[in-house]
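The exercises below are to be worked through with the sequence and the model open side by side. Each task sentence is followed by a solution that goes step by step.

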Amino acid sequence: MIPEKVSTYGQRHKLSIKTLIVDRDAMSGGLIADALARNLECDAVACHASKVLDAIATGRVDILIVSADLNSKPRGGFELVSAVSSANPSLPIVMMLDHPSKEAVLNAFRAGARGIFNREEPMSQFLECVKHVKKGSIWADPDQTNYLLEGIKSIPDTSAFTERNLATLTIREMQVVRLAALGKTNRVIATELVLSEHTVKNYLFRAFEKLGVSSRVELLFFLTIQGRSFSPATEEHQLTAAE
């Protein structure tokens with residue numbers, strides 16, 4: 001349901017949402033909404049994280065602004081951006097970071113953000129960020145841009161990734177790879193496959209060699225290039241069928 005606002009005369013009328021803000025609490029979200037409405041003369045509404053997808057589905061949203069630091073979960077902001085971006089890939093998203101480390105910046109862009117804003121910067125910079133991202137531009141300061149370029153340079157050469165590499169894996173190596181692709185640790189993989197951690201490490205080492213990757217990050221990139229993604233449900237079905 002599209003939120004409503006109250007006019008100075010007490011008359012309620014529907015608000016066409018254009019800017020949606022999800023901050024760590026209602027007060028800070030409201031302050032940002034007021035600043036945007038006052039300085040950019042745009043409709044801005046603070047929203048709880050649990051209501052974002054419904055708000056986007058039922059009303060017009062031109063840009064979404066999300067704090068990385070949501071009280072619900074340690075990675076709540078990143079998870080929310082990822083979910084929104086997956087469902088609405090064309091929606092511009094700005095992430096607000098308290099401490100824009102290299103990891104945080106890369107995670108924000110991976111999640112689907114098009115703009116990164118350091119909350120220690122002045123409001124004038126934030127307004128510029130919002131205006132540029134609304135127009136379709138990418139926004140990042142010099143340090144954040146360097147992080148992004150370093151991340152791009154670290155992406156392995158895709159020409160070495162072929163389906164044939166994947167076909168060389170044994171059934172057990174593929175089982176380990178699938179679980180690793182779900183983000184599970186060697187200890188968890190060992191427990192689920194009734195193996196020792198040392199054995200799991202050896203399987204991963206051999207799989208990395210066959211696939212031409214050197215880390216779990218490169219493994220995930222390889223699987224993405226091949227169109228291979230594993231959810232817990234499909235992974236369980238595939239492991240059962242392979243036994």
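**Exercise 1. Establish how many helices and strands the chain has, and how confident the predictor is in it.**

The chain has twelve helices and seven strands, where helices (H or I, at least four residues) and strands (E, at least two) are DSSP runs numbered from the N terminus. This is a predicted model, in which local features need pLDDT of at least 70 and side-chain atom pairs count only at pLDDT 80 or more, while totals for chains, interfaces and linings use all residues. Residues are numbered from 1 along each chain as its sequence is written, and side-chain values use heavy atoms, with hydrogens and water left out.

Next, consider the confidence. The average pLDDT of the chain (the predictor's confidence in each residue, from 0 to 100) is 80, and 77% of the residues score at least 70. Over residues 1–16 the pLDDT is below 50, and this stretch has 24 contacts in the model beyond near neighbours in sequence, a contact being heavy atoms within 4.5 Å. Residues 231–243 also have a pLDDT under 50, with 16 contacts beyond four places in sequence.

Finally, of the 243 residues in the chain, 40% are buried, that is, under 20% relative accessible area, with exposed meaning over 50% and partly exposed in between (1.4 Å probe, protein chains only).

**Exercise 2. Determine the strand order of the five-stranded open sheet and describe what packs on the sheet.**

Begin with the order, which is β4-β3-β5-β6-β7 with parallel pairing; two strands pair if DSSP finds at least two bridges between them. The edges are β4 (44–46) and β7 (115–118), each of which pairs on one side only. On average, and with direction ignored, neighbouring strands of this sheet are turned by 20 degrees against each other.

Then follow β6 to its two partners. Strand β5 (residues 63–67) pairs with strand β6 (residues 93–97) in the parallel sense over four bridges, and S67 has M96 in β6 as its bridge partner. Four bridges also join β6 to β7, again running parallel, and here M96 stands opposite F117 in β7. Within β7, G115 and F117 point one way and I116 and N118 the other way, and all are buried.

Last, add the helices. Helix α3 lies across β3 (19–22), β5 and β6, running at about 175 degrees to β6; axes are lines fitted to C-alpha atoms, for helices over the stretch in contact, and angles run from 0 to 180 degrees between N-to-C directions. Helix α5 (residues 123–134) also packs on the sheet, touching β3, β5, β6 and β7, and its direction makes about 135 degrees with that of β5.

**Exercise 3. Describe the helix pairs α3 with α4 and α9 with α10 by their axes and by the residues that meet.**

Two packed helices are described by the angle between their axes and the distance between the axes.

- For α3 (residues 76–87) and α4 (residues 102–111), the axes come within 8 Å and cross at roughly 25 degrees. That makes α3 roughly parallel to α4, since angles under 35 degrees count as roughly parallel, over 145 as roughly antiparallel, 65 to 115 as roughly perpendicular and the rest as oblique. F78, V81, S82 and S85 in α3 meet A104, N107, A108 and A111 in α4. These residues divide into five nonpolar, three polar and no charged, where Ala, Val, Leu, Ile, Met, Phe, Trp, Tyr, Cys and Pro count as nonpolar, Asp, Glu, Lys and Arg as charged, and the others, Gly among them, as polar.
- For α9 and α10, the axes come within 8 Å and cross at roughly 105 degrees, and the two helices are therefore roughly perpendicular to each other. N186, R187, I189 and A190 in α9 meet E197, V200, K201 and L204 in α10. By class, this contact has four nonpolar, one polar and three charged residues.

**Exercise 4. Locate V194 and Y203, and state for each whether the residue is buried or exposed.**

V194 is found in the loop between α9 (186–193) and α10 (197–211). Its phi is positive, about 55 degrees, although V194 is not a glycine, and the residue is exposed, with a relative accessible area of 72%.

Y203 lies in helix α10 and counts as buried at 17% relative accessibility. Leaving aside neighbours within four places in sequence, Y203 is in contact with R172, E173, V176 and L195.
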